[in-house]
Amino acid sequence: MREMKDLLFTNEHEWVDVQGEEAYVGLTEFASKALGDIVFVELPEVDDEFSMGDSFGVVESVKAAADMYMPIDGVVTELNTELEDEPAQINQAPLEGWFLKFKVTNKEQLGELMTPADYERFCEEEA
Amino acid sequence: MEGARKTPITDWNAANGGKMVEYAGWDMAVTYEGLIAEHNAVREKAGVFDVSHMGEVLVEGPGALDYLQYLLTNDFSGMEDREILYTMMCYENGTVVDDLLVYRYEADRYLLVINAGNVAKDIEWMEKQAKDFKVTLTNQSDETGELAIQGPLAEEIMQKLTDTNLSEIGFFSFRDNVVIAGVDCLVSRTGYTGEDGFEVYTAWDQLLTVWTALMEAGKDMGIQPAGLGCRDTLRFEAGLPLYGHEISETITPLEAGLGYFVKLKKGKFIGSDVLNDQKENGIPRKLIGFELLERGIARADYDVMLDGKKIGFVTTGYLSPTLQKNVGQALVDRKAIEGVEEIQIQIRNKQVPAKLVKLPLYKKRTKSR
């Protein structure tokens, strides 16, 4: 089970789970609640290369579409295609519903992400 | 929510799980339990909407009927007391100022129910047009609270709270002085969901009493407070237009497929010259329904393409909670769409194919007596 305390966060509400040279990325509970019932995700392709801040995909609720942004530079190595059929997983268990795994190509950028405590404060300000 | 006005239900909403947003300057609930659950409750049981943001204008005087005939597109001459008509209000160029309901109390007294976001604009327009008529306009929006109870169980639930036989109120008619939970109300069999149900108007400070009584009366029957989110998905499925989407100050009612509510034969009215011309010489655009054939959700304002050329734009699109299909409505060039069965919707960097389908997407189940 993934826990908040082990993750890093972006100000676009992605969570990042770094595992050695690779990392998983998903959408936080705060954002999934703000979006409401999630009914659609669009994922990129394996081997797609993104820079920090690039839009890599889309998450849509009944009401709205939101871009998913790459937390740091990376190359996609694996997709969670289950999300395409069961997008509601993101509402039910946001930390389990990862979007993609990527190879970290610039580890120094991790220092620019928020810690769990930073992110909690960030959400309080946005709420 | 700073600056946004409170309805009589805003505080109840905030205390009962409402996710609050600012809409047309009002502090309102967009969802409670969740959009899909609320949508389904209205289709299968009953949902209650706070619609106190809507505007109400009383039109009275010996010139009231002549004034409405000139101001609005529908024909009010054959109306009986306690009947309701849906109509457009147009500019001289035939585009839409607002869409509204007209309630006839008597031949010289009518209640007009207008969209929240258009209240100031509508009243300015209505006053400007009233100069040559013997009418008085009274904006009652600030004193009038409104809720809508919608769904197949709406009548059964509300009947518990009143001695008036609700089954005697037919589709698009109303009664005033209906006492619900001890409160004096005006009740009409109308709505914006495609289900049977009522809209209930009462004094601003009395609405919460009616609201909480309905929640209590329906709690064993699956009643659900319903937010603005599902109000839009429900009206969309039922093919009911939303101002700013299917109709607007750049779209005529004939383009939006609302010709039934435009009575060109009644004589001159504001916009009739252009609308007559459109009817005789061709309506430039057409509102169509479509269903996506591949993955994606078509959203409002996305481009509609045909063989690489833009022919229009999406007015509303959703994953329909009732149909479980990705569907939408679009306003397209009438000549370009002739004989066409398949179009493409530009969704971000992809053109997703879509087949044309008939509107409305969901058929009404309202009671008509």
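Here is a short chat about how the terms used for this predicted model follow from their definitions.

User: What should I know before we start?

Analyst: The model is predicted, so local features need pLDDT of at least 70 and side-chain atom pairs count only at pLDDT 80 or more, while totals for chains, interfaces and linings use all residues. Residues are numbered from 1 along each chain as its sequence is written, and chains are lettered from A and ligands numbered from 1 in the order in which they are written.

User: How many helices and strands does chain B have, and what makes a run count as one?

Analyst: Chain B has nine helices and 20 strands. Those are DSSP runs, numbered from the N terminus: H or I over at least four residues for a helix, E over at least two for a strand.

User: Why is chain B called as compact as a globular protein of its length?

Analyst: Take the radius of gyration over C-alpha atoms and set it against the globule rule, 2.2 Å times the number of residues to the power 0.38. Chain B comes out at 21 Å, close to the 21 Å the rule gives for 369 residues, so the label fits. Its C-alpha trace spans about 60 × 50 × 45 Å along the principal axes.

User: How much of chain B is buried, and what makes a residue count that way?

Analyst: 47% of the 369 residues. A buried residue has 20 or more other C-beta atoms within 10 Å of its own (12 or fewer is exposed, in between is partly exposed; C-beta atoms are placed from the backbone).

User: What makes β7 and β8 of chain B a pair?

Analyst: DSSP has to find at least two bridges between two strands. β7 (residues 96-106) and β8 (residues 109-114) of chain B share five, in the antiparallel sense, so they pass. B:Leu101 stands opposite B:Val113 in β8(B).

User: Why are β6 and β9 of chain B called edge strands?

Analyst: The open sheet runs β6-β7-β8-β5-β9 in chain B, with antiparallel pairing. β6 (84-90) and β9 (136-139) of chain B each have a single partner strand, so one side of each has no neighbour in the sheet. The twist averages 30° from one strand to the next; angles run from 0 to 180 degrees between N-to-C directions, and axes are lines fitted to C-alpha atoms, for helices over the stretch in contact.

User: Which helices lie across that sheet's strands?

Analyst: Helix α3 (residues 64-71) of chain B lies across β5 (55-60), β6, β7 and β8, at about 130° to β5(B). Helix α4 (residues 119-129) of chain B lies across β5, β6, β7, β8 and β9, at about 15° to β5(B).

User: How do you know that β15 and β20 of chain B pair in the barrel?

Analyst: The closed barrel runs β15-β18-β17-β16-β19-β20 in chain B, with antiparallel pairing. β15 (residues 285-292) and β20 (residues 350-357) of chain B share four bridges, and B:Gly289 has B:Val357 as its bridge partner in β20(B).

User: How do you know that domain 1 and domain 3 of chain B touch?

Analyst: Contact requires C-beta atoms, placed from the backbone, within 7 Å. Seven residues of domain 1 of chain B meet six residues of domain 3 of chain B that way. α2(B) gives the most to the domain 1 side, with four residues. The bounds, from an automatic or database domain assignment, put domain 1 at 5-54 + 143-237 and domain 3 at 284-357 in chain B.

Notes:
Two residues are in contact if their C-beta atoms, placed from the backbone, lie within 7 Å.
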